[in-house]
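Q: Could you take me through one part of this structure up close? I'd like to see how a single piece sits among its neighbours.

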Protein chains: 2
Amino acid sequence: MISGNEIILDKTDLSILRLMQENARISNADLARELEMAPSAVLERVKKLEQKNVILQYTTRLNPSAVNQKLLAFISMKASDVMGSSDTAKQLAKIPEVQEVHHIAGEDCYLVKVRTADSASLMDLMRNSFSKIPNILSTRTTIVLETVKEAQQLVIPEK
Amino acid sequence: MISGNEIILDKTDLSILRLMQENARISNADLARELEMAPSAVLERVKKLEQKNVILQYTTRLNPSAVNQKLLAFISMKASDVMGSSDTAKQLAKIPEVQEVHHIAGEDCYLVKVRTADSASLMDLMRNSFSKIPNILSTRTTIVLETVKEAQQLVIPEK
DNA sequence: ATATATTTCAGAATTATATTCAATTCTTAT
DNA sequence: ATAAGAATTGAATATAATTCTGAAATATAT
């Protein structure tokens, strides 16, 4: 095998993924019933999908309000990164409140999705975390008033 | 209780949520071991968290490339919605390729996160789905070159 | 075409887990 | 203090996960 990493998924794999994306806690037995296969066969496929890095994570979507993460914002920023190096992005990614970091087309630009308790917490974050990252030339914050559709990953407070 | 829907989560609940957000397929037995509690007690809490809508969904994060969703873009749009009604957002939310729909501050503005196979698919989507939604006055597409951090929900092809 | 290797699958056996429930302990308000 | 309600435990049993083996199907090499 010279080529390398082309991942081929058949109909059965895709069905498994569809069911597990919908409900990650579906039992292997139920999966097998849906697919009309033996549980052992299904289990083997799931393990391969994990190994092949098709399945990245089983996660739980939480109600943001319930864990006191009521403010959602997108911050776009201009940075003076040298081509190829993206230390800025990596440092942004380390901040727990930062849910997503995307390097976007156009300029030296990053788009960051942030979730905090309120606007005061967001300002704290910008003062204490963002301001310590070098290369950031400017930021522009967009507050989300209402989210109609979403999948998320939240920062759960210690206590 | 006159107030109504204040959800109170204790330390144990938060630990459960933290563990389950990290790995939705953790067994109840393992959860109990981690928390040094009886499995039955943990199970009861998890069920309550589901009932109280703290837990929204157990989901599986997939490798976008593996399911042929290689292009990620953010589309910001101006719409002529009447205050309060947000049919536009609801219609956007119905499109499977649309992962997120946020109503953002500033003007009558929506921010939409879209994932497709490639730029041709994105253009198809804009021609065939977006253009059929009334009230949209203008759109601006931002292509993501690289994602450094993310949680997602993907459209899995039928076959 | 044929042999060989690889992959996929089903079914049985074993081990582990989920689930239920009655009894008990812990909380909280009075 | 104490009653009422909530949460937890532990044991029993119902379900499920996991492992293994061999058969079948598929792919690859000769």
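A: Sure, let's pick strand E3 of chain B, residues 98-104, keeping in mind that this is a predicted model. Five of its seven residues are buried, so the strand is largely enclosed by the rest of the structure. Buried here means that a residue has 20 or more other C-beta atoms within 10 Å of its own.

So who are the neighbours? One is in its own chain: E3(B) is joined by six bridges to strand E4 of chain B, residues 109-116, and the two run antiparallel. Together E3(B) and E4(B) make a hairpin, with four residues between them. Look in that turn for B:Gly106, which has a positive phi of about 125°.

Another neighbour comes from chain A. Strand E5 of chain A, residues 136-149, pairs with E3(B) over four bridges, again in the antiparallel sense. A handy residue to click on is B:Val101 in E3(B): B:Val112 of E4(B) stands opposite it, and so does A:Lys149.

Now zoom out for some context. The domain assignment splits chain A into domain 1 (11-51) and domain 2 (65-143), and the C-alpha centres of these two domains lie 36 Å apart.

If you go looking for DNA strand D, you'll find 13 residues around it, with A:Ser27, A:Asn28, A:Ala29, A:Ser40 and B:Ser40 the closest. Helix H3 of chain B gives the most to that surface, with four residues, while helices H2 and H3 of chain A each supply at least two. By class, the surface near DNA strand D has six nonpolar, five polar and two charged residues.

Technical notes. Residues numbered from 1 in each chain as written. Chains lettered and ligands numbered in written order. Predicted model: local features only at pLDDT ≥ 70, side-chain atom pairs only at ≥ 80, totals over all residues. Buried ≥ 20, exposed ≤ 12 C-beta atoms within 10 Å, placed from the backbone. Pairing = 2+ DSSP bridges. Domains from an automatic or database assignment. Near = placed C-beta within 6 Å. Nonpolar A, V, L, I, M, F, W, Y, C, P; charged D, E, K, R; others polar.
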